[in-house]
Structure formats: structure tokens, C-alpha cells
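Welcome! Here are a few exercises for getting to know a new structure, each with a solution worked out in steps. Have the model open beside you as you go.

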Amino acid sequence: MRKDVRILLVGEPKVGKTSLIMSLVSEEFPDEVPLRAEEITIPADVTPERVPTHIVDYSEAEQSEEQLYQEISKANVICIVYSVNNKKSIEKVTSHWIPLINDRTDKDSRVPLILVGNKSDLVEHSSMETILPIMNQYQDIETCVECSAKNLKNISELFYYAQKAVLHPTGPLYCPEEKELKSSCIKSLTRIFKVSDLDNDGILNDNELNFFQRTCFNTPLAPQALEDVKNVVRRNMTDGVKDNGLTLKGFLFLHTLFIQRGRHETTWTVLRRFGYDDDLELTQEYLFPLIKIPPDCTTELNHNAYLFLQSVFDKHDKDRDCALSPEEVKDLFKVFPYVPWGPDVNNTVCTNDQGWITYQGYLSQWTLTTYLDVQRSLEYLGYLGYSIIYEQESQAAAITVTRNKRIDLQKKQTQRSVFRCNVLGERGSGKTGFLQAFLGRNLQRQKRIREDHKSLYAISTSYVYGQEKYLLLHEVMPDFDFLSDADLSCDVVCLVYDINNPSSFEYCAKVYKQYFIDSKTPCVVIAAKSDLHEVRQHYSLSAYEFCRKHKLHPPQPFTCNTTEAPNKDLYTRLTTMAMYPHMAQADLKNSTFWLRASVGATVFAVLGFAMYRALLKQR
């Protein structure tokens, strides 16, 4: 909401603009009225909306046209004052003042207008018959107020309506000609309904309505009040209430009713609580809350964030098959202004036999987004209403910023859950196959992936000594001379070569010697396509001799040309090296490092799967 409100009073001379301001301030009609009142500021604590309000007077006798134009450009709302006993001043509203104001304001951000009929104490009739056609003609006119500076009639109401026109404008919400909500308002309220519909059954039940009420207005509804609300909807429409809960149609009808009865503030309170600005766009502050990420630190989702994302998955997994069908994914993203996941996501995370993202794959994709682009993750959580559902100040509360990697190395332990492995190798060496095998896809399944749907990332879970961790594989494009800091910054490196291609290993050797020979990042050489015949490499040293010379682990054989899902032991080893780089270096001569990692991983993968199945049964 705005931090302050600036009200400008304009109109013909002698209509009583200055008297209105002075009567408001002193609460009595002034004996002597100056040509113009000085600008006054009403403190926030004495205004109904708790917002500081500046009231500005205009005097044709004291001010130039240029000064008037400046004041119009600064005003949040303009009161056009006329005298109810002066027809000429009423005619000037349409012949002079409204055109002048419209010429000086941008069409896309017109300032709201309030017509003020002063000196009602001098006449017995109302000017409303003359004014109503004007109000119908100009959409910018919020309301009309008849008042009297002399007997203080409707003075405070006038300035309250002016304040309200700025803080709770009708324009973005409602079309008076059609007598219905505007499409942008319907779109915003529909998202709010979907976020508040915690079980996604298309109905706000009593618990959900109470949560919504408490979230927006800090107070629950009494049971009778709840029934009264539903009865109002029932009386006015047939499909507004279903199974004793409020449908989307009923929810929209209630807001239409609030606006028609002049209670715009109710709808605006709801919209602003859910992050909307005056143009019904989600604010930058709501979508992108500030989060400080020091160098060499990474970003991860915390426990509460995963619980929230699990609940979002649950409410959209209608058939309870622990995977999201294309229709279920589409439904999930209805609260977004666009679909954030492209077809490459299905080749970045685990899917079921139908190619649908599994529960584990869904959490993996969120983990990947948070690690690579935390701002995007904050934005997505904002669309889903994380801070509202979990009653947090912002979705920044969902993020853990890990400590500096150097401290982890010094202390020889880490609290991180996500580890990055950059995969480098010559084109055609088998990098893509290596990434896809991590997701359980053998060569046969990989052949079905469309070229334009391929992904440079693969992420899934791996168990290391009983702890579930995420391993993020990133295929680095083989442009040797242009490897960026991002290409080199990771927790473990894989250098992949094709054992069947005699020129394949040379790239790995050159990359290692130029970029990683003095690095503390663990490196592993992967002998890919190990099901094929191994040929002699053109490089001066064999891969085995190169690894021995540079104190690397021996080349690790790998193939994804299997009948079943490829073996995952190698990925567990990589995760272990990423978690314990000091151990990986110290245990180079000790083969039991690999053995411990593999056996430990197998045991805990079995345990983890059993626990996962138990969890699914509970879900």
C-alpha cells in the first residue's frame, strides 16, 4: 500500500476550496478565509487508513498555470470542487477541469477524481441529478460528495473518500457499465482462491475459509458468520456453494458484492495480502525478497520448504500415483502467469515409465532451480503462496544459504545437501549418456529423447553413509578455450572419454592440466562406453598411466548400454568425493575408500527406498 496520499483541491474561484481545508483542520468555519491554504499534512495516526495525508489547495489568484500542472502531476487524487448553488461552476467541471486534468496525466495511470459539491447549506435541493450523468460519462470519477464547509457537513467523509480512492481504487477492480469484475481482477482473485484451496478440490471449506480470513484480516469468522456468508451466496446464485463450501464463482460473487456496496477495502486487503500492487501485478518486493548470498556459498531449500512443496505435490497428484501427469502439471501451474517448466525438465529429473515427473523428480527440480537460480525459485514460491500458507514474512524464509566452502574444507565436514559435479569431455564422448544414466535410463530409453528436449543437467538423490544428498550433474560444452568460472566451479569433476575413440582422451588430459592440476576439486576420469572394444589412445600416456602420474583414481569404467537401469554406484562415489574432498585425496592409495562408499550407498539406498515406500503409503 502507498506510504502516503496527496490530495489536490481544484475548482473555480469562490467555490469554497480553502474553507473546506480550514474547516477540516480547525473543526469550525473560519471567519476570515485566505486566498489559499498552505499545504497541510495529517499524521498517519489520526487518519482512518493509518497513512500520512497531504492536502494541497489551488488558487488561481496566487498560482500560475505551470504551478497547477506541477501539482496535478504530483497528486494521487484530485477533488474538483463546485458550488451546488452555482450552475457555472458545475458546467466548468466537464468543460474545463476534467479535460485539463486528463491532458496533464498519462492515459495508463489516470488519477482518480472526486466531485465535491460544497455549500449544501445554501440550497434545499441536491445537485446529484445533474452530477450523475457526469459520473457515468467519466470512469475516472470515483464518487461525488455534497458537503458544507460552514456547518461541517461531510467534511471528514470527503477526505476519507479521497484517501480511499487512492488506497482502494475502484478502477482496476470493477467495470460499473457492465456491473462486473474486470478480467485482471478475476485473474488475481482466481489465483488467490487456488492458493487458499489447500486440498485442491475446487471448494473453500470452513477450515480453508477460516485460514483465509485469519490470513487476510487477522481474525477467524464465527461459525454463524460463516453460514451467513454462504447463505448470501446461496440466495444469489445456484452454484456458488457446493458441499457446504464456497466455489470459485461464489468467491468472485462475494467480492463483486463488496465492491458494489462500497467496501473496496475488503477486496484490496485480500489482494495486497497476496502480493498485488495497484495495477494488480505481483510486486517485485513480494516475488523477489532480498536475500544475501556471500561468495562461495550456495542456496538450498530448507525443511519447511520441502514440506510445503510436498503438500503442493499432494494436492495436485489427483490419482495418487506419485507422479504428475501433463494435466496435473498444468493444473499446478495455473497460479503462475506462465508455465515455468519446459520439456527439458522431463530429461533433467527422474520420471516414471510414461515420462511423467515423479515425486522424487519434482523435489529434485525444485532443488536444482534453488541451487542454480535462487531468485527464480523465490519467484515460483511466491506464485504458490509459500509465505502466506506458512505465515512467513517472505519466501526468503524457505532458503538456506550454506556457509563458505573454504570453511567446510578447513573443518573437514559440511552441512550442505546439494553437490555439483561438472562433466567435461569431447563431443560424442558419452557425457549425455552419463547424465541420463543417473536418472535410471539405459541407452535404449535415451534414444527416445528428442534432440530439442535434451538437458545439460541431471539431478537426483544419492545416499552417502546414510544421508540423503542431491547430486547435480552439469554437462559442460566442450569449448576448451572458453571455460568460464561457472564451468569450473563445482564440488567434483568428471572427465569423460570414449574408450572406442582413439582421440577422445586427449581433451580430458588437456583440460585437467590447464584447469584442474592445482585445484583442490576432486577429479575422476570416466572410461565411457566400456561395453565396446577399448582402443589405444593417441595421447602420449594411456588414461591409466595419466591417472597414476597425476595421483588420480584409476579410470572408472562406465556404460549405459544395459538391459536394466544402469548401475548407480559410480554416482554415489562422486557424491562421497564431493562431500569429503579431503578423504578423496588422502585415500587415493587406499582402495577401501571406494569400497566403503559403494557398500554404504547400497545399504542405505535399500533402506531409503523402504522408507520412501512407507512414506508413500502414509501419503
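Two strands pair if DSSP finds at least two bridges between them; helices (H or I, at least four residues) and strands (E, at least two) are DSSP runs, numbered from the N terminus. The model is predicted, so local features need pLDDT of at least 70 and side-chain atom pairs count only at pLDDT 80 or more, while totals for chains, interfaces and linings use all residues. Residues are numbered from 1 along each chain as its sequence is written, and side-chain values use heavy atoms, with hydrogens and water left out.

**Exercise 1. Find the strands that pair with S4, and say whether the faces of S4 are covered or open.**

Step 1. Begin with strand S1, residues 5–11, which pairs with S4 in the parallel sense over five bridges. Here Ile7 stands opposite Val77 of S4.

Step 2. Turn to strand S5, residues 113–118, which runs parallel to S4 and is joined to it by six bridges. In S5, Asn118 is the bridge partner of Ser83.

Step 3. Now check the cover, where buried means under 20% relative accessible area, exposed over 50%, and partly exposed in between (1.4 Å probe, protein chains only). Strand S4 spans residues 77–83, and seven of its seven residues are buried. On one side these are Val77, Cys79, Val81 and Ser83, and on the other Ile78, Ile80 and Tyr82, so both faces are covered.

**Exercise 2. Work out where the partners of three salt bridges lie and how exposed they are.**

Step 1. Fix the rule: a salt bridge is a side-chain nitrogen of Lys or Arg within 4 Å of a carboxyl oxygen of Asp or Glu. By this rule there are 19 salt bridges.

Step 2. Take Asp239 and Lys249, whose side chains meet at 3.0 Å, N to O. This pair links distant parts of the chain, ten residues apart: Asp239 is in the loop between helix H8 (223–236) and strand S10 (241–242), and Lys249 is in helix H9 (residues 248–260). Asp239 is partly exposed at 35% relative accessible area, and Lys249 is partly exposed at 49%.

Step 3. Go on to Arg376 and Glu379, which meet at 3.7 Å, N to O. They are separated by about one helical turn because they lie three residues apart in helix H15 (residues 374–384). Arg376 is partly exposed, at 36%, whereas Glu379 is buried, at 8%.

Step 4. Finish with Asp408 and Arg403, whose closest N and O atoms are 2.5 Å apart. Asp408 is buried with a relative accessible area of 8%, and Arg403 is partly exposed with 27%.

Step 5. Look also for a network: salt bridges link Arg6, Glu39 and Glu71.

**Exercise 3. Which residues that are not glycine have a positive phi of about 60°, and where do they lie?**

Step 1. One of them is Asn218, with a positive phi of about 60°. Asn218 sits in the loop between helix H7 (206–217) and H8, and is exposed at 67% relative accessibility.

Step 2. Another is Lys412, again with a positive phi of about 60°. Lys412 is placed in the loop between helix H17 (405–411) and strand S16 (418–425).
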